[in-house]
Amino acid sequence: FPLICSLKKLLLIVAILSSMAMQGQQKESTFIDANYFYGSILRHNKDIEHLIKGHPKGFILGYNVKTFGSERWQEAYNYPDFGVSMVYQNPQNDVLGSTISIHGHYNFYFLKRNLFLRLATGIAYAENPYDIDTNPNNNAYGTHLLGSSYFMLGYNKPTIFKGFGLKAGLSLIHYSNSSVKSPNSSANTFAATLGVTYQIDADTQQSYTTTAGFDKVTQPIHFNVVLRGGIQEGRVIGLGQKPFFVVSGYADKRLSFKSSIQLGVDAIFAKFLETEIAYSAAAFPQNGVTGDEDYKRVGVFVGYELHLNKLSLIGQVGYYAYYPYKFEARVYLRPGLKYYISEKVFAVVTLKSHWASAENVAFGVGFRI
């Protein structure tokens, strides 16, 4: 019953977003797609072996708006689509329970638009997360609400008969609460997909706008300050959620219309580590933790930024230069999204992880000097 209620709410959200998109894009071309998938949960962590049973199946529904080059970035990326999509997954496992999620996505095209890649990110509702009394074996999902992302790669044939087309490929669907609350081993489904598309305005044909070329983007080195934070819980269930704050400073250099590189420093203040240090010293003194270790960390990182209009995809790899307490690996990864409010102010959301183990999801604001 809670899943059905959530499905109705998410369908309402999809309808509202679709209506808004149609109102704002009346001159654009739109299409919908429906995809069935069948796959397996990947063993990315030995702690979830007991959850890998059966073969997950479900469907992905999407509403898409085509681009034709009205803005410069559209031509630079071979006229991608953008839209909203919904994913329902039945993992064939009562411990995990079903999930339903809503995403924003982009479709990118290659090989004369016969090959497509969809990148999507959003939020999911898990039917049956961890509960110490009723569901203690679900160490993948610690909360009802999860972050969700998926990738879809496949063959695209959009116009076969009266606006209908076919698509087929592979998908990777990820669910995690980013350690907002423990446990959080997460789950990844690798699946084969088969779908149909329908061009809503198939009788209306639009042509792609092309230019003679792009001017070279030349910018000096800029300096950035980013303040971000959130809440998280450590590896030990029951120690409680604690705030964390990260102050970052970095230099960036724009290399082209699409790309920038970054080099910077992080000062990381994660209060959950202070609690974990005290717990480890009291519970496992044989491990050599005294309780006096500093919970703060300092990291240095390099990064790459892919510009899509005001939105950017960022990826950073860092190394803890100051690492007084051993927690996960010393190398950390930080993918994320960045939105330029103006030339000098941007909002950012990032996921920090140590390889397959997520540490936190952070929201922040940055200033470019």
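**Entry 1: Thr-197**

I started with Thr-197 and looked up what it touches: leaving aside neighbours within four places in sequence, its contacts are Phe-31, Ile-32, Asp-33, Pro-158, Gly-163, Phe-164, Gly-165, Leu-166 and Lys-167. A note to myself before going on: this is a predicted model. Next I checked where Thr-197 sits, and found it in strand β8, residues 187-199. Is Thr-197 buried or exposed? Its relative accessible area is 4%, and buried means under 20%, so Thr-197 counts as buried.

**Entry 2: the barrel**

Since I was already in β8, I looked at what that strand belongs to. Eight strands close into a barrel, and the order I wrote down is β1-β2-β3-β4-β5-β6-β7-β8, with antiparallel pairing. From one strand to the next, the twist averages 25°.

I picked one pair for a closer look. How many bridges join β2 to β3? I noted nine, between β2 (residues 57-65) and β3 (residues 81-90), and the two strands run antiparallel. One of the matches I jotted down is Phe-59, whose bridge partner in β3 is Tyr-88. A reminder from class: strands of a sheet pair through backbone hydrogen bonds, either parallel or antiparallel.

**Entry 3: Val-247 and the strands around it**

Then I moved along the chain to Val-247, which lies in strand β10, residues 242-254. Its relative accessible area is 37%, and I need both cut-offs here: 37% falls between 20% and 50%, so Val-247 is partly exposed. Beyond its neighbours within four places in sequence, Val-247 is in contact with Val-226, Leu-227, Val-265, Asp-266 and Ala-267.

Leu-227 caught my eye in that list, so I followed it up: Val-247 is its bridge partner in β10. β9 and β10 run antiparallel and are joined by eleven bridges. What stands opposite Leu-227 in β16? I found Val-365 there. β9 and β16 also pair in the antiparallel sense, over six bridges.

I checked one more distance while I was here. Val-247 and Gly-366 are 119 residues apart along the chain, yet their C-alpha atoms are separated by 9.9 Å.

**Entry 4: the cores**

Now for the insides. The largest nonpolar core has 23 residues, and the ones touching the most other members are Leu-273 and Tyr-325. I listed the elements that each supply at least two residues: β10, β11 (259-270), α3 (271-283), β13 (311-322), β14 (331-340) and β15 (345-354). Which of them gives the largest share? That is α3, with four residues.

I also wrote down what Tyr-325 touches, not counting residues up to four places away in sequence: Arg-235, Leu-273, Glu-276, Ile-277, Ser-280, Val-289, Glu-293 and Asp-294. There is a second, separate core too, with 22 residues, and it includes Leu-51, Phe-116, Met-152 and Ala-187.

**Entry 5: helix α3**

I finished on α3. It has 13 residues and reaches 19 Å from first C-alpha to last, close to the 18 Å expected at 1.5 Å a residue. The buried residues I found in α3 are Phe-272, Leu-273, Glu-276, Ile-277, Ser-280 and Ala-281. Why do they line one face of the helix? Looking down the axis of α3, I see the buried residues fall within an arc of 165°, so they sit along one face. The textbook point fits here: an α-helix has 3.6 residues a turn, so residues three or four places apart point the same way.

Last lookup: what covers those buried residues of α3 includes β9 (222-232), β10, β11, β12 (296-308) and β16 (357-368).

Notes. Residues numbered from 1 in each chain as written. Predicted model: local features only at pLDDT ≥ 70, side-chain atom pairs only at ≥ 80, totals over all residues. Heavy atoms only, no water. Buried < 20%, exposed > 50% of the residue type's maximum accessible area, 1.4 Å probe, protein only. Contact = heavy atoms within 4.5 Å. Core = buried A, V, L, I, M, F, W, Y, C linked by side-chain atoms within 4.5 Å. Expected span 1.5 Å × (residues − 1). Arc of directions from axis to C-beta. Pairing = 2+ DSSP bridges. Axes fitted to C-alpha atoms, helices over the stretch in contact; angles between N-to-C directions.
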